[in-house]
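Biologist: Could we go through the salt bridges of this protein together? Please show the structure before we start.

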Amino acid sequence: MFKTAALGVLCLSTFATASQQLAGRQSANVDSCPGYTAKNVKTGKGTLSADLVLAGTACNAYGPDVQNLKLAVTYEAETRIHVKITDAKNKRYEVPDEIFKRPSGPAVDDKKADIKFNYKSSPFSFTITRAKTGEVLFDSSAGALVFEPQYLRLKTKLPSQANIYGLGEHTDSFRLNPSDTTRTLWNRDAYGVAQGTNLYGSHPVYFEHRTSGTHGVLLMSSDGMDVILRDGSLEYNVIGGIFDFYFFSGPSPVQVAQQYATLVGKPAEVPYWSFGLHQCRWGYRDYVDVANVITNYSAAGIPLETMWTDIDYMYKRWTFTNDPEYFPTEKMHQITDYLHKHDQQYIVMIDPAVAYQPNQNYGAFDRGVKDGVFMKFPNGTLYQGVVWPGLTVYPDWFHPKATDYWTGEMKRFFDPKTGIDIDGLWIDMNEATNFCDFPCGDPAGFAATAGNPPPRPAPPPANGTQIFQKRQNSSANPTSSTENLLNPPYPIHNTFDQLSQRTIRTDLVHANGLTEYNTHNLYGFMMSVNSQKAMEARRPGKRTLVITRSTFLGAGTKVGKWLGDNLSTWDHYRWSIAGQLGMASIYQIPMVGSDICGFGGNTTETLCARWATLGAFSPFMRNHNDDTSISQEFYRWPTVAEAAKKAIAIRYQLLDYIYTHFHRQSKDGTPLIAPMWFQYPADQNTYPIDLQFFYGDSLLVSPVTQENSTSVDIYLPKDTFYDYFTLAPVQGSGVKVSLTNVNFTDIPLHIRGGGILPMRVESAMTTAALRQKDFQIVVAPNASGIATGSLYIDDGVSLSQAKTTDVTFQYAKGTLKASGKFNYNVGSVKVAKVVFLGIKSKPKGVSVSGSGTKSKGFKWDAATSTVTVDVEIPLKGAFSVNLKS
């Protein structure tokens, strides 16, 4: 397939080198390395510094040991300690400040801290302990500290069978196998998202949970790494940079999540409409296909909030173009105008790779060349790869003109009058992907052989084809020149073996002097940052929705995330739960979801029906699949259509409950969705559960997860619950409960006792229409007869809110009280109903107080122990509803 024999020899040589290094990885005995001795230890108020000197003969496991290191310890908060180990003499790569701005300000008094840093001088090791109990949370004496130019190693002790969560992105179980897990962090194009492999994002953070509490550990590094988990230990093997640790004290899991969010950034608010149903497919052939899907959803009575288009709309798959025959601008205007007229939205995909098309009047390429923003070889020539358009170039996000370039292209192409008036953005292939096999000596030849760009599968629509007429059927850090940036001496367990395989060459140098070797895992994140800026520039003052594939620490501050190219299988259906739990509750990316019904392969009616119900409880709900699979829009099968309608109706009624919890995560980091052990940290039975989860504080979601089954065994802790559908009380006993006769259109849901849920009285076809529906308040007392909840309302679109409503609900002794701010004008929307659960005897009466409130009677249901009170309560001030006993 290659044009020259020399290239084949080079390729064989490259892979031979990698094989030799793989053998070396297995033979190097780093435990025999001497470690370091701490000298010149100096302590201050909340600080410690020391020199670390190599303690013996260098082992030179994967390069020469660095003789002298610097240790810096800072108590940055009472709940956070920062431990940094660097080369004492040579500047080494660190995650740049423009990516992660370190906290500033004075250290806190270590005597007031919840956790403590302690050390042993020789050989140097350190521990992180709880101040009150002395419990050891992190202990680096498990192995020798190794610090070499391209290899860093640190090992900590763990309890036997430790409960470790995080270290993503992955499709492994949410609780990692404590005896045999190697998590490799090196972003890659990962079709099929196989278990046990590195995927699209890198998040070197973990939460460890014990019965005594939860703590968190973050290694702030974008270098490739293996994190090896074995019974009793966790070991970092990193191929560059420094050791830059942050430790979070907790002690509750929610507190660890909040502390982590405080450091890396809290999630960005998203538009209210983004919680509606999204529909996409790679393979909509033309504008007629897209229009037909929109009208078919409407005809089927399934609420469609946002229509998406994959790369099909592009001319020859060139970024920032649309095909004049298949997706002409005039017809795209018709589609966006129709959607906006019906209170719906439109989103398209953009890839980072720009088609290499000199002298073709391709503006995105020409302007990028003029600004010099594309990645280059050292001799100044453009680095070329191969993606969907064929030969491509890649933006260098570190270039000083990259942001203006990207914003300019976005404004120009998505201009509401002359371009496509999108409402959100989808960014893909940003690991970054390069189809051309490394070392890619002839990218043009590779593209031609691979057939990129591929031909259209059908002719364009005839001129004059009408749509929407009627329903259609179906900072620079120098790098030593001796470092091997293509094949480092320690090869991490990258699925592709070669670091540069299927991506940008790792020996390229960015405009600011940083290498792709060190910053590879940042590429997708930097595209996210620039894309979010560009979208906000298009509509100043408005929130946007940007969904990405590749992520890094703090990505949730800018974008949401879909879980990538999954498959239409029951395994992938199950894995999606752990995937979204990791993103939302550990990595602080709560706008997350999988491709419902699966992306690759053919789904089935029962799988798609089950996935439609599960997907309704993903923060980001999108049906999407590829161009070689059967169509899987929800209206394609009767069972799936029914399942989708029922599940979306539940989702939409709960949308303000969801929106309120998302808002809370954006303010303090409390996860929107979370594993069961977040709510029951003392219940050891919950620690491995990743097929059930909480949506907000109060809704337990327990999907059927076995193929063609209508039953499921679910775990209910020792607590009070209520069946979501009957509202009858269910007492959990800390054992599994078998639910039977669960129709393919249903999903088991339970309300946790102690919660108050604000809900709309009914669903709607769009979120705009939903916002005009009245509220009902569902009060679910715990065993002590107490419940709390909240409701947040704003305009749903503005970055800065002029007026908001932020209500706290409290229930005790038969009285519901609502207090807080009622500043947002909801128009005529009111509270029309209050439903009290777990009321075992009929009240003698009901009273309602508050300005403008009315009681319209009540009904007690003895069979379900519920009291339903019909009311008229304007959302303009505090109110209360009292059950008279």
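**Salt bridges and burial**

Modeller: Let us begin with one pair: aspartate 565 and arginine 549 are both buried (under 20% relative accessible area, against over 50% for exposed and in between for partly exposed, with a 1.4 Å probe and protein chains only). This is a predicted model, in which local features need pLDDT of at least 70, side-chain atom pairs count only at pLDDT 80 or more, and totals for chains, interfaces and linings use all residues. Residues are numbered from 1 along each chain as its sequence is written, and side-chain values use heavy atoms, with hydrogens and water left out.

Biologist: How far apart are the closest N and O atoms of aspartate 565 and arginine 549?

Modeller: They are 3.4 Å apart, and the two residues form a salt bridge (a side-chain nitrogen of Lys or Arg within 4 Å of a carboxyl oxygen of Asp or Glu). Aspartate 565 lies in the loop between β25 and α10, and arginine 549 in the loop between β24 and β25, so the pair ties together parts that are 16 residues apart in sequence.

Biologist: Now to glutamate 872: which residue is its salt-bridge partner?

Modeller: Glutamate 872 pairs with lysine 856, with 3.4 Å between the closest N and O atoms.

Biologist: Is lysine 856 buried or exposed?

Modeller: Lysine 856 counts as exposed because its relative accessibility is 53%. Glutamate 872, at 26%, counts as partly exposed.

Biologist: Which residues do shared salt-bridge partners join into one network?

Modeller: That network consists of Asp189, Asp428, Glu431, Arg502, Arg549 and Asp565.

Biologist: And how many salt bridges are there by this rule?

Modeller: The count comes to 38.

Technical notes:
Helix = DSSP H or I, 4+ residues; strand = E, 2+ residues; numbered from the N terminus.
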